[in-house]
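Subject: Handing over the structure

Hello,

Here is the structure I promised to pass along. Please have a look at it first, and then read on for what turned up.

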Amino acid sequence: MATPSDLGLNGTVIRFDTSILTPMEPNLFDEKWLKENQFWRGSTQGRSSAHFLNYADRDMVLRHFHRGGLIGRVNRDLYLRTSAEKSRAMLEFDLLSEMRHEGLPVPRPVAARFVPTGAFYRADIITERIPNAEPLQDVLKTKSLSKQLWIDIGAAIKNLHAHKVYHSDLNCRNIMIDTHDKVWFIDFDKCEKRETGDWMQANIDRLHRSLKKTAATSKGLNWNDEDWEHLLEGYAGPAAN
């Protein structure tokens with residue numbers, strides 16, 4: 001479990017894992033500084049790009065919080081001001097820390113930043129990069145998965161739900177598969193612990209829509225209805241302890 005501490009800098013608050021970052025380097029959130037000091041290792045493409053870095057002998061991922069939907073077209077990254085404790089970055093950091101303590105397959109949180117700007121704030125989070133892992137979407141573009149791996153994916157989702165974790169965007173990009181066929185989950189923005197309810201089936205339905213949409217837009221995606229049945233078989237089984 002993370003050993004968190006907060007650093008205040010002229011209104012900005014940085015929460016960080018003291019077992020990884022001692023002392024905390026505030027410039028870790030600065031893409032230009034990372035590149036100038038040769039810590040930057042590349043980035044993903046798209047509106048909500050993530051930056052890869054290596055610092056303190058660890059591979060990490062830096063993600064800036066961006067607005068989505070229609071509002072994101074006019075307001076890229078400003079959120080209505082709240083306390084640092086209730087900001088998107090801190091909530092995700094704390095949830096990841098709790099889930100790691102529970103043994104769930106999620107990235108280790110490294111640091112989160114809250115930057116007030118008048119009536120608004122901006123936010124960022126840094127997590128450890130999952131070694132040798134790719135999004136499920138990318139894996140399926142290159143090969144088929146075994147029946148057992150689809151069962152394992154379903155069982156991993158069941159275990160997430162058994163720990164009352166609501167994933168607000170459970171899709172085939174936020175499920176990762178590593179070279180040992182271990183299943184991981186990423187991107188816990190706007191996620192939380194919830195009591196058992198209809199949201200669990202809604203999570204499953206969202207993933208199903210994501211896979212069908214990806215299959216429709218990606219020629220030759222290695223996924224079919226039988227694979228989905230295997231996933232549901234895994235989800236129907238008992239949750240891991």
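How many of the residues of strand E2 (residues 12–17) are buried? Six of its six, so to put it plainly, the strand is mostly covered. Please keep in mind while reading that this is a predicted model.

**Strand E2 and its neighbours**

The cover on E2 applies to both of its faces. On one side sit Thr 12, Ile 14 and Phe 16, and on the other Val 13, Arg 15 and Asp 17, and all of these are buried. You will notice that an arginine and an aspartate, Arg 15 and Asp 17, are on that list of buried residues.

E2 has strand E1 (residues 4–9) as an antiparallel partner, with six bridges between the two. One contact to pick out in your viewer is Leu 7, whose bridge partner in E2 is Ile 14. E1 and E2 form a hairpin with two residues between the strands, and there Asn 10 adopts a positive phi near 55°.

E2 also pairs with strand E7 (residues 109–117), again in the antiparallel sense, through four bridges. Here Phe 16 stands opposite Ala 111 in E7.

**A three-stranded sheet**

Elsewhere in the model there is an open sheet of three strands, in the order E9-E11-E12, with antiparallel pairing. Its edge strands are E9 (133–135) and E12 (183–185), each of which pairs on one side only. From one strand to the next, the twist averages 35°.

Within this sheet, E9 is joined to strand E11 (residues 175–178) by three bridges, running antiparallel. If you want a residue pair to start from, Ala 133 stands opposite Asp 178 in E11.

**Cysteines**

What does a search of the whole structure find in the way of disulfides? The count is zero. For Cys 172, the nearest cysteine sulfur is that of Cys 191, 16 Å away, whereas a disulfide would need the two sulfur atoms within 2.5 Å. Cys 191 is likewise in no disulfide, its nearest cysteine sulfur being that of Cys 172.

Are these two cysteines buried or exposed? Cys 172 has a relative accessible area of 1%, so it counts as buried. Cys 191 is buried as well, with a relative accessible area of 10%. The cut-off behind both statements is a relative accessible area under 20%.

I hope this gives you a good start, and do write back with any questions.

Best wishes

How values were computed:
Residues numbered from 1 in each chain as written. Predicted model: local features only at pLDDT ≥ 70, side-chain atom pairs only at ≥ 80, totals over all residues. Heavy atoms only, no water. Buried < 20%, exposed > 50% of the residue type's maximum accessible area, 1.4 Å probe, protein only. Pairing = 2+ DSSP bridges. Axes fitted to C-alpha atoms, helices over the stretch in contact; angles between N-to-C directions.
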